[in-house]
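Student: I am new to this structure and would like a close look at a single part of it. Could you go through that part slowly and explain each term as it comes up?

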Amino acid sequence: DRIFCQLSASRERMHLVWAGEEIAEGFLFKTIDGRGQLIAALQGALMGMLLEQWKANAIFGKTAPEAGVVNVGEPVNTPTTESEGQLNAELKVRLSPFVESMSLVIISVPVVEQV
């Protein structure tokens with residue numbers, strides 16, 4: 001693929017996954033509330049990370065929302081996933097000026113001890 005010839009997009013994708021997982025770890029073991037405040041906080045934190053990447057010219061778009069968005073609504077988070085303690089996020093980013101968007105899915109699942 002010509003887009004990956006310099007590995008820039010691959011490195012940025014790895015960085016986004018790493019940074020997104022670091023942010024998601026801060027939400028582990030927190031109660032998922034019925035008003036959506038925890039999910040909104042996760043979305044805000046991830047959008048902040050994408051804004052930093054956009055300001056650094058690492059993702060492409062004339063505006064930050066054009067360069068990357070975070071989806072935490074359905075079908076990413078459903079009543080079933082919430083009842084299982086999962087807090088999920090989907091990042092759609094433009095890693096190249098020639099690509100419309102690419103999806104990265106981050107799933108934060110609490111580890112439970114088996115007895």
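Tutor: Let us begin with one residue and work outward: Ser10 counts as partly exposed, because its relative accessibility is 25%, where buried means under 20% relative accessible area, exposed means over 50%, and partly exposed is what lies in between, with a 1.4 Å probe and protein chains only. Residues are numbered from 1 along each chain as its sequence is written, and side-chain values use heavy atoms, with hydrogens and water left out. The model is a predicted one, in which local features need pLDDT of at least 70 and side-chain atom pairs count only at pLDDT 80 or more, while totals for chains, interfaces and linings use all residues.

Ser10 belongs to helix H1, and here helices (H or I, at least four residues) and strands (E, at least two) are DSSP runs, numbered from the N terminus. Although Ser10 and Leu95 are 85 residues apart in sequence, their C-alpha atoms are 8.6 Å apart in space. Another residue of helix H1 is Glu21, which counts as partly exposed because its relative accessibility is 43%. From the C-alpha atom of Glu21 to that of Leu46, 25 residues away along the chain, the separation is 9.7 Å.

That brings us to the part I would look at most closely, the packing of two helices. Helix H1 spans residues 8-25 and helix H2 spans residues 37-55, and the two pack at an angle of about 150 degrees with their axes 10 Å apart; the axes are lines fitted to C-alpha atoms, for helices over the stretch in contact, and the angles run from 0 to 180 degrees between N-to-C directions. This angle makes H1 roughly antiparallel to H2, because angles over 145 degrees count as roughly antiparallel, those under 35 as roughly parallel, those from 65 to 115 as roughly perpendicular, and the rest as oblique. The crossing of H1 and H2 is right-handed, a term used if the near helix is turned clockwise from the far one by less than a right angle, while an anticlockwise turn makes a crossing left-handed.

Which residues of H1 and H2 make the contact? On the side of H1 they are Glu12, His15, Leu16, Ala19, Gly20, Ile23 and Ala24, and on the side of H2 they are Leu42, Ala45, Leu46, Met49, Leu50 and Gln53, with contact meaning heavy atoms within 4.5 Å. By class, this contact of H1 with H2 has 9 nonpolar, 3 polar and 1 charged residues, where Ala, Val, Leu, Ile, Met, Phe, Trp, Tyr, Cys and Pro count as nonpolar, Asp, Glu, Lys and Arg as charged, and the others, Gly among them, as polar.

Gly20, one of the residues of H1 in this contact, also links our view to Val105, since the C-alpha atoms of Val105 and Gly20, 85 residues apart along the chain, are separated by 9.3 Å. Val105 has its place in strand E3, residues 102-108, and counts as exposed because its relative accessibility is 56%. Setting aside neighbours within four places in sequence, Val105 is in contact with Ala89 and Glu90.

In helix H2 we also find Leu38, which counts as buried because its relative accessibility is 10%. Not counting residues up to four places away in sequence, Leu38 touches Phe27, Lys30, Thr31, Ile32, Asp33 and Leu87; Leu87 is 49 residues from Leu38 along the chain, with their C-alpha atoms separated by 8.9 Å.

The loop between H1 and H2 holds Phe29, which is not a glycine and yet has a positive phi of about 65 degrees. Most residues other than glycine have a negative phi, and most peptide bonds are trans. Phe29 counts as exposed because its relative accessibility is 64%. Beyond H2, in the loop that leads to helix H3 (64-67), lies Asn57, again not a glycine, with a positive phi of about 60 degrees. Asn57 counts as exposed because its relative accessibility is 61%.

To place this part in the whole, the protein has 4 helices and 3 strands, and its elements run α-α-α-β-α-β-β from the N terminus on. Of its 115 residues, 33% are buried, and among contacts between residues at least 6 apart in sequence, 46% join residues at least 24 apart.
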